[in-house]
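Hi,

Here is the model I promised to send over. Have a look at it first, and then my notes on what turned up are underneath.

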Amino acid sequence: MDNSAQVYKKNIDLLKVKPNLTEYENTYKNFSWDNVRNELEWFPDGKINIAYNAVDRHLNSPRKDKIALYWEGDNAEKKQYTFADIARLSNQFGNFLKSRGVARGDRVFIFLPRIPYLYISFIGILKIGAIAGTLFSAFQEQALFDRLENSGAKVLITDKELAVRIQNVREKLPNLKEVVIVDDENFDNTIQSQSTDLAMEHMDQNDYAFMLYTSGTTGKPKGVVHRHYALLSEHLTAKYILDIHEEDIYWCTADPGWVTGIAYEILGSWSNGATEVVYSGRFSSEKWYQILADYKVTVWYTAPTAVRMLMASGDELVKKYDLSHLRHILSVGEPLNPEAIRWGLKVYGLAFHDTWWQTETGAMMLVNFPCNDIKLGSMGKPFLGITAEIVDDSGNGLGAKTEGHIAFKPGWPSMMQTIWQRQEKYDSYFVNGWYISGDRGWKDEDGYFWFIGRSDDVIKTSGERVGPFEVESALVEHPAVIEAGVIGKPDELRGEIIKAFVVLRPEFAQKVKDQAYAETLKQELAQHVKKHLAGHAYPREIEFIDKLPKTRSGKIMRRILKAKELGQPIGDTSTLEEY
Ligand code: PRX
């Protein structure tokens with residue numbers, strides 16, 4: 001708990017653009033969610049719809065013809081859509097879904113790369129009161145099956161290339177009535193032939209709007225469900241933390257397969273009327289700088305792994321591009337190291353503003369406000385209307401400078417409403433009146449929060465959340481494997497990489513004594529996970545071992561694997577079966 005952090009002082013008079021929030025402490029003290037309800041538009045009957053607020057409400061203002069989306073694909077293919085375009089196309093998409101029998105409350109999942117139909121269909125689903133889910137485009141058969149089965153999804157929206165991955169499991173998904181292929185020859189016509197008028201569903205603020213599967217330590221991924229009222233959190237954080245202004249060009253580099261892409265590439269950003277850029281192609285530092293320069297991006301929300309990759313490509317490269325329009329830069333998803341902030345200041349003349357939040361919290365929680373000083377390495381302070389605390393295992397507040405669980409007082413608009421069909425899992429998040437995040441940290445005397453690590457075995461690799469259980473399950477499907485234990489291993493570039501400890505069947509254990517064979521088998525196992533689970537969730541390191549450390553009840557002790565890997569003390573082993 002080092003208190004000697006370097007401080008980046010803010011003087012808001014020197015900022016190019018005056019922030020939407022110029023004072024934190026008093027605003028925080030006097031804030032109440034009830035007083036800001038009218039930041040959203042409510043229907044005269046007191047009901048709401050997220051999609052109306054994100055898109056259609058702008059049709060009554062000059063924003064109607066403002067660009068909502070600049071889209072660029074892998075081959076420099078470009079498209080652009082106004083808010084009126086998105087409103088019209090999502091109406092047509094909604095009508096199409098209705099014609100296929102989709103009704104309020106049905107789950108409709110989108111499994112697409114970042115193409116325009118992803119954004120259009122997401123809004124269309126919300127308009128008709130169905131529950132929208134997204135699936136990251138790196139998912140393979142097993143990951144898709146688990147999510148579609150648990151959610152009982154009725155329709156899957158995908159493209160020709162990705163649809164192949166669902167073929168083998170489709171007949172095991174009796175609820176899945178239809179797979180919609182958006183690049184089928186006639187699909188554009190099918191959408192164009194729909195009515196552009198749609199009677200938008202009026203929803204209760206607590207009605208479910210969208211869901212996202214995310215990983216914990218144990219069991220299959222869980223379906224985190226958010227309500228329509230969640231938009232209030234997303235809207236206000238986009239306004240005050242992303243600091244969206246009317247003239248901004250905003251680029252969020254996340255994928256809507258994850259929560260950041262939903263909350264800040266569709267919902268909160270559009271509800272503030274932001275013009276945003278979506279680049280669906282692969283990462284390269286050159287390409288990213290070109291996007292920043294070509295679109296004259298002013299506000300940029302990205303992730304620490306990306307920043308480290310940009311750092312690795314050096315200072316000289318930055319100078320080749322005109323990045324003079326950038327005025328506000330932010331990061332999320334993993335710890336943002338002070339070096340990255342210092343580097344940002346050096347090459348962009350701007351400090352990355354770290355934000356902390358989770359799929360479950362639905363919006364930013366601990367944040368660096370544009371008007372507040374930044375303590376390098378800290379996640380900042382609680383957002384307006386958020387009561388944050390460090391608590392012990394029983395949910396007792398610990399005060400400053402003590403390590404514990406990062407916890408929040410329940411009740412903010414975007415707090416998850418349930419875990420789909422696993423109420424006991426949902427309930428387990430709450431202890432003594434606190435929502436327990438699963439992260440450990442501490443706060444300093446000035447109320448800044450600092451990250452220490454996860455309190456469970458969840459892995460963060462390149463900012464993406466991976467559950468060890470899913471990877472272990474995929475590994476044991478391979479004929480050579482008896483069992484596997486999977487951990488996150490610290491990695492300079494990716495934050496963590498996935499490392500698997502694998503116990504082989506005796507005949508394979510014999511064969512891997514030959515080094516060359518061992519290498520081949522490792523590659524095969526990594527490929528196996530890539531092919532069956534997900535392209536991003538495979539082990540980059542594999543070690544063969546004779547036995548996994550386990551509790552007497554047979555639970556794999558990943559904590560011990562990790563301590564051994566890192567050469568750290570192993571700690572209490574009294575509950576171990578043998579060791
Ligand atoms: O461990 C924390 C880490 O990411 C987890 C949440 O992951 P996910 O639900 O995928 O949402 C990510 C994007 C909102 C957290 O429990 N995390 C997120 N932001 C930070 C972070 N760790 C350190 N610093 C952050 N700023």
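Before the notes, one definition: contact here means heavy atoms within 4.5 Å. Keep in mind as well that this is a predicted model.

With that in hand, start at helix α5, residues 141–151. Its buried residues are Ala 143, Leu 144, Phe 145, Asp 146, Arg 147, Leu 148 and Ser 151. The cover over those buried residues includes three strands, β4 (107–111), β6 (155–158) and β8 (208–214), along with the helices α15 and α17. Just past the end of α5, Gly 152 has a positive phi of about 60°.

Two of the helices covering α5, namely α15 and α17, also pack against each other. Helix α15 spans residues 468–476 and helix α17 spans 515–532; their axes come within 9 Å and cross at roughly 115°. The crossing of α15 and α17 is right-handed. On the α15 side the contact is made by Val 471, Ala 474 and Leu 475, and on the α17 side by Leu 525, His 528 and Val 529. Sorted by class, that contact of α15 with α17 has 5 nonpolar residues, 1 polar and no charged ones.

There is another helix pair to look at, α4 (residues 116–127) with α9 (residues 259–271). These pack at an angle of about 60°, with the axes 12 Å apart, and the crossing of α4 and α9 is right-handed. Helix α4 puts in Tyr 119, Phe 122, Ile 123 and Leu 126, while α9 brings Ile 262, Glu 265, Ile 266, Leu 267 and Trp 270. The contact of α4 with α9 divides into 8 nonpolar residues, no polar ones and 1 charged.

Following the chain on from α9, you reach Ala 274 in the loop between α9 and β11 (275–279). Is Ala 274 buried or exposed? Ala 274 counts as buried because its relative accessibility is 0%, and the cut-off for buried is under 20%. Leaving out residues up to four places away in sequence, Ala 274 touches Lys 66, Ile 67, Ala 68, Phe 83, Ile 244, Tyr 250 and Ser 269. For a sense of scale, Ala 274 and Arg 440 are 34 Å apart, C-alpha to C-alpha, with their positions 166 residues apart in sequence.

Helix α3 (residues 83–99) is worth a look too. Its 17 residues reach 24 Å from first C-alpha to last, close to the 24 Å expected at 1.5 Å a residue. Helix α3 is mostly covered, with 14 of its 17 residues buried. Asn 91 lies in this helix, and Asn 91 counts as buried because its relative accessibility is 9%. Not counting residues up to four places away in sequence, the ones that Asn 91 touches are Asp 56, Lys 127, Ser 195, Thr 196, Asp 197 and Leu 198. Just after α3, Gly 101 takes a positive phi of about 90°.

On the subject of phi, most residues other than glycine have a negative value. Ala 76 has a positive one, near 60°. Ala 76 sits in the loop between β2 (67–72) and β3 (78–82), and at 41% relative accessibility Ala 76 counts as partly exposed. Asn 432 also has a positive phi, near 50°, and is found in the loop between β21 (430–431) and β22 (434–443).

Further along is Gly 447, in the loop between β22 and β23 (449–454). Gly 447 is partly exposed, at 21% relative accessibility. Apart from residues up to four places away in sequence, Gly 447 touches Gly 380, Lys 381 and Pro 382. The C-alpha atoms of Gly 447 and Gly 399 are separated by 9.7 Å, and these two residues are 48 apart along the chain.

Last, the cysteines. How many disulfides does the model have? The count comes to 0, taking a disulfide as a pair of cysteine sulfur atoms within 2.5 Å. Cys 252 is buried, at 2% relative accessibility, and Cys 371 is buried too, with a relative accessible area of 13%.

Cheers

Note on methods
Residues are numbered from 1 along each chain as its sequence is written. This is a predicted model: local features need pLDDT of at least 70, side-chain atom pairs count only at pLDDT 80 or more; totals for chains, interfaces and linings use all residues. Side-chain values use heavy atoms; hydrogens and water are left out. Axes are lines fitted to C-alpha atoms, for helices over the stretch in contact, and angles run from 0 to 180 degrees between N-to-C directions. Helices (H or I, at least four residues) and strands (E, at least two) are DSSP runs, numbered from the N terminus. A crossing is left-handed if the near helix is turned anticlockwise from the far one by less than a right angle, and right-handed if clockwise. Ala, Val, Leu, Ile, Met, Phe, Trp, Tyr, Cys and Pro count as nonpolar, Asp, Glu, Lys and Arg as charged, and the others, Gly among them, as polar. Buried means under 20% relative accessible area, exposed over 50%, partly exposed in between (1.4 Å probe, protein chains only). The expected span of a helix is 1.5 Å times one less than its number of residues.
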